[in-house]
Amino acid sequence: MLRTHTCGELRKEDAGKEVQLTGWVSRLRDHGGILFIDLRDRWGITQLVVDNKEEIYTQASRVRPEYVIKVKGVVKERPEGLVNPRLSTGDVEIVVKDLEILSSSLLPPFEIEGNKETDESIRLRYRYLDLRRDKVQKNLILRHQVAQLIRRFLSEKEFLEVETPFLTKSTPEGARDFLVPSRLSPGHFYALPQSPQLFKQILMISGMDRYFQIVKCFRDEDLRADRQPEFTQVDIEMSFIEVEDIIQLIEAMMIYVFKESLGVAVDPPFPRLSYDEAMEKYGTDKPDLRIPWEIDDLTELLGQEITSFSRGGNNFAVKALFLPQGEDFSRKKLDVLSERAKENSLSLSWVKGGGSSPLKNKLSEETWQGMVNKYPFGENALLLLAWGERSNLLNFMGSLRFELGGEWIKDKKPFQFCWITDFPLVDWNEEENRWDSVHHPFTSPREEDLDFLDSHPEKVKSKTYDLVLNGYEIGSGSIRIHQMDLQRRIFNLLNLKEEEIEQKFGFFIEALQYGCPPHGGIALGFDRLIMLMSGESSIREVIAFPKTQKGVCLLTGAPAPVEEKQLEILGISLQKQKK
């Protein structure tokens, strides 16, 4: 080895030892003929001292930030007044006796040290430099630790880690597939898996009983801060289970992972809300429960009088959000919220301190008092009221709650889990005039709702459960259909023709006929989980080589054109782009 110790290893107990260190030059400081060099590697920083009386001073003076060097020297304890408490090695320094430059460096396009903001596109273009930064390295170290903890936890529960194919068949799972042309079968294509859904169910049919995989998945969809075209999920499937078994397993795993990696205690059981309850109370199926405010329904109290001066319509509703501390809301800010409501075909008004409101002269005294008496108004309290079409209104109020609660939760409990259960089995696709699966076609409906499957599918709830953390969905799962006749009923409900079923799911349909156990599972978004655990707001901060929001790798230039010869081998020709 070129080194005897890492740059984060030495302590005052090592004083007097002769050591050899390697790493990157982080900072240089010349204090009157004594040169101080901060040497950095993945483990930390050690201060080097080079006296101008030493022969190597000239050589040491040539180094610059990000040079890679090797030094030999003696560990010396720092005087008490010069100890650096910010460094794990802050009690010591190395008096350098020999220095060798292993590699020089150009001037980096941005500062490696410190927390100076740098344009993300530059960081991703020079990702190899960005990955040297302490914060990014800590995120990747946490990612590694959590992956190992999950593997250990599930292995101790007798789960088997089984790899499933990346080159597979295109099956409808809710997003566009990435397609891979086959040279050996011209005109045919593989698809990169959106998830290992059918393979993990086949593993249950195969008798594996308990399966998991930390696996790459691929979806060709529009991107945002918490999405990437390729992402990692913790995929889990179990046989002979019910909903409660999965929930208890995942709660135990989260408790274990958070304690071992962050030293954070997560309290079980996690709150549970049905989908309908979550939408009514929070306007979303991924509520942030750190925000204490709930959405109230005032339709019965105010609806009739509001429709006398405002447009009503089908599914009309009045919703409210009560903020005990609303002193920061100026009239200008309230007007901005009103304009946003109009942009969403809704109306918004407000009540301040229980007395001031544009609505006061539009409501009867009895109705006004009924509304004011419903809430503990203080001088700074604010009630936001909005009305319009119900589903649109709930989405608007849910977004408003999440946005306004952002400031409130800054110093509150950092991690709040909850489960959302009993999602609708299907929803109506207006554009294509058919029913779509809310989760996927293999999700089991509740037995008590089966009578509605043919006559009123919108009433059917499914055996589903999403895990939510701080307003982000980090896991989604369900009990699967294991009976052939029920699976065919679902396919028929989704308007899949027999030929289409055979073409897309033939291998799976065949497998179902050879003794399929009751089974279910869940997929956890690994990148999103690490993002939240590390306190980041984008999953790009916890992925080693992420892509931009347009799906571009700025480091390598992918996606990129290929040579015409490569396309000819695959039997592919490209259409000319329209100008």
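Is Glu158 buried or exposed in this predicted model? With a relative accessibility of 65%, Glu158 counts as exposed. The legends below treat this residue and other sites of the chain.

**Figure 1. Overall view of the predicted chain.** The model is predicted, and its chain has 579 residues, of which 47% are buried. Its secondary structure comprises 15 helices and 21 strands. The C-alpha trace extends over about 90 × 70 × 60 Å along its principal axes. The accessible surface amounts to about 30400 Å², and carbon and sulfur atoms account for 48% of this area. Of the contacts between residues at least 6 apart in sequence, 68% connect residues at least 24 apart.

**Figure 2. Two residues with positive phi, Glu158 and Asp422****.** Most residues other than glycine have a negative phi. Glu158 has phi near 70° and lies in the loop between α4 and β6 (160–161). Asp422, with a positive phi of about 55°, is placed in the loop between β16 (417–421) and β17 (426–429). Glu158 is exposed, at 65% relative accessibility, whereas Asp422 is partly exposed, with a relative accessible area of 25%.

**Figure 3. Surroundings of Arg151 in helix α4****.** Helix α4 covers residues 134–156 and includes Arg151. Neighbours within four places in sequence aside, Arg151 makes contact with Glu161, Phe212 and Ile214. Ile214 is 63 residues away from Arg151 along the chain, yet their C-alpha atoms are 8.5 Å apart. The relative accessible area of Arg151 is 25%, so this residue counts as partly exposed.

**Figure 4. A nonpolar surface patch containing Tyr190****.** Phe166, Leu167 and Tyr190 make up the patch, and together they have about 280 Å² of accessible area. Tyr190 belongs to strand β8, residues 189–192. Its relative accessibility of 34% places Tyr190 in the partly exposed class.

**Figure 5. Antiparallel pairing of strand β4 with strands β1 and β5****.** Strand β4 (residues 68–77) is paired with strand β1 (residues 18–31) through seven antiparallel bridges. Within this pairing, Glu18 has Val74 of β4 as its bridge partner. Strand β4 also pairs with strand β5 (residues 92–103), again in the antiparallel sense, over 10 bridges. Here Val71 is matched with Leu99 in β5. In a regular strand, side chains alternate between the two faces of the sheet.

**Figure 6. Cysteine environments in a structure with zero disulfides****.** A disulfide is a covalent bond between the sulfur atoms of two cysteines. Why does Cys217 form no such bond? The closest cysteine sulfur to that of Cys217 is in Cys553, and the separation of 19 Å is too far for a bond; the cut-off for a disulfide is a sulfur pair within 2.5 Å. Cys217 is buried, at 0% relative accessible area. Cys516 also counts as buried, with a relative accessibility of 13%.

**Figure 7. Two cis peptide bonds, at Pro269 and Pro559****.** Most peptide bonds are trans. The bond joining Pro268 and Pro269 is cis, with omega about -10°, and Pro269 sits in the loop between α6 (243–262) and β11 (272–274). Ala558 and Pro559 are likewise joined by a cis bond, for which omega is about 0°. Pro559 is located in the loop between α14 (526–533) and α15 (564–570).

How values were computed: Residues numbered from 1 in each chain as written. Predicted model: local features only at pLDDT ≥ 70, side-chain atom pairs only at ≥ 80, totals over all residues. Heavy atoms only, no water. Patch = residues over 30% accessible without salt bridge, like charges linked within 9 Å, V, L, I, M, F, W, Y side chains within 5 Å. Areas by Shrake-Rupley, 256 points an atom, 1.4 Å probe, with all protein chains shown as cover. Salt bridge = Lys/Arg side-chain N within 4 Å of Asp/Glu carboxyl O. Helix = DSSP H or I, 4+ residues; strand = E, 2+ residues; numbered from the N terminus. Buried < 20%, exposed > 50% of the residue type's maximum accessible area, 1.4 Å probe, protein only. Contact = heavy atoms within 4.5 Å. Pairing = 2+ DSSP bridges.
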